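Me: I have a protein in front of me and a list of terms I only half understand. Can we go through them one by one?

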Amino acid sequence: KELDQTRLVGQMSRIWELMKDGRWRSLREISDATGSPEASASAQLRNFRKPRFGGHVVDRQRISGGLYKYRIRIEDQLT
């Protein structure tokens with residue numbers, strides 16, 4: 001658990017630093033920029049919606065087929 005916790009906190013931090021600007025990105029773009037697998041990026045985006053991780057709005061926009069882009073809206077950005 002200790003090793004996994006360290007890895008996941010680092011992963012979440014890297015994804016947060018990338019996504020906090022509110023720009024739209026695909027899971028591939030997030031993965032490429034952070035070195036995290038796409039599935040992990042998706043899981044971390046879901047975590048950002050949870051109250052204990054800020055309860056942020058994570059928007060999803062369909063690109064085509066089953067491909068989407070995501071952005072995080074921080075509370076300060078909502079107004």
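Me: Why does Arg-28 count as exposed?
Reply: First, a caution: this is a predicted model. Now the reasoning. Exposed means over 50% relative accessible area. Arg-28 has 51% relative accessibility, so Arg-28 counts as exposed.

Me: What makes Glu-38 partly exposed?
Reply: Partly exposed is the range between under 20% and over 50%. Glu-38 has 31% relative accessibility, so Glu-38 counts as partly exposed.

Me: How do you know that Glu-38 forms a salt bridge with Arg-28?
Reply: The rule asks for a side-chain nitrogen of Lys or Arg within 4 Å of a carboxyl oxygen of Asp or Glu. The closest N and O atoms of Glu-38 and Arg-28 are 2.8 Å apart, so the pair passes. The bridge links distant parts of the chain: Glu-38 is in helix 3 and Arg-28 is in helix 2, 10 residues apart. The structure holds 5 salt bridges.

Me: Why are helix 2 and helix 3 called roughly perpendicular?
Reply: Look at the angle. The axes cross at roughly 105° and come within 8 Å. Angles of 65 to 115 degrees count as roughly perpendicular. Helix 2 and helix 3 are therefore roughly perpendicular to each other.

Me: Which residues meet where helix 2 and helix 3 are in contact?
Reply: From helix 2 come Leu-27, Arg-28, Ile-30 and Ser-31. From helix 3 come Glu-38, Ala-41, Ser-42 and Leu-45.

Me: Next, the strands. How do you know that Arg-71 and Asp-59 form a salt bridge?
Reply: Their closest N and O atoms are 2.9 Å apart, and the limit is 4 Å, so the pair counts. Arg-71 is in strand 3 (residues 67-73), while Asp-59 is in strand 2 (residues 57-64). They are 12 residues apart.

Me: What makes Asp-59 and Arg-73 a salt bridge?
Reply: The same test applies. The distance from N to O is 2.6 Å, so this pair also falls within 4 Å. Asp-59 lies in strand 2 and Arg-73 in strand 3, so the pair ties together parts that are 14 residues apart in sequence.

Me: Which residues make up the network of salt bridges?
Reply: Asp-59, Arg-71 and Arg-73 are linked in it. Asp-59 forms a bridge with Arg-71, and Asp-59 also meets Arg-73.

Me: Is Asp-59 buried or exposed?
Reply: Buried. Its relative accessible area is 14%, and buried means under 20%, so the label fits. Its partners carry another label. Arg-71 has 25%, which makes it partly exposed. Arg-73 has 28% and is partly exposed too.

Me: What makes the rings of Trp-16 and Phe-48 a tilted pair?
Reply: Two checks. Ring centres must lie within 6.5 Å, and theirs are 5.3 Å apart, so the rings pair. Planes under 30 degrees apart are stacked and those over 60 are edge-to-face; these planes are at 55°, so the pair is tilted. Trp-16 is in helix 1 (residues 2-19) and Phe-48 in helix 3 (residues 38-49), 32 residues apart. The count comes to 1 aromatic pair.

Me: Why is Phe-48 called buried?
Reply: Phe-48 has 3% relative accessibility, and the limit is under 20%, so Phe-48 counts as buried. Trp-16 has 21%, so Trp-16 is partly exposed.

Me: How do you know that the charged end of Arg-60 sits over the ring of Tyr-68?
Reply: The distance part of the rule asks for CZ of Arg within 6 Å of the ring centre. The charged end of Arg-60 is 4.1 Å from the centre of the Tyr-68 ring. The rule has an angle part as well, within 35 degrees of the ring normal. The pair is listed as sitting over the ring.

Me: Why does Asn-47 count as buried?
Reply: Its relative accessible area is 17%, under the 20% limit, so Asn-47 is buried. Asn-47 lies in helix 3. Leaving out residues up to four places away in sequence, Asn-47 touches Met-12 and Phe-53.

Me: How much of the protein is buried?
Reply: Buried residues make up 33% of the 79 residues.

How values were computed:
Residues are numbered from 1 along each chain as its sequence is written. This is a predicted model: local features need pLDDT of at least 70, side-chain atom pairs count only at pLDDT 80 or more; totals for chains, interfaces and linings use all residues. Side-chain values use heavy atoms; hydrogens and water are left out. Rings of Phe, Tyr and Trp (its six-membered ring) pair if their centres lie within 6.5 Å; planes under 30 degrees apart count as stacked, over 60 as edge-to-face and the rest as tilted. Helices (H or I, at least four residues) and strands (E, at least two) are DSSP runs, numbered from the N terminus. Buried means under 20% relative accessible area, exposed over 50%, partly exposed in between (1.4 Å probe, protein chains only). Axes are lines fitted to C-alpha atoms, for helices over the stretch in contact, and angles run from 0 to 180 degrees between N-to-C directions. Angles under 35 degrees count as roughly parallel, over 145 as roughly antiparallel, 65 to 115 as roughly perpendicular and the rest as oblique. Contact means heavy atoms within 4.5 Å.
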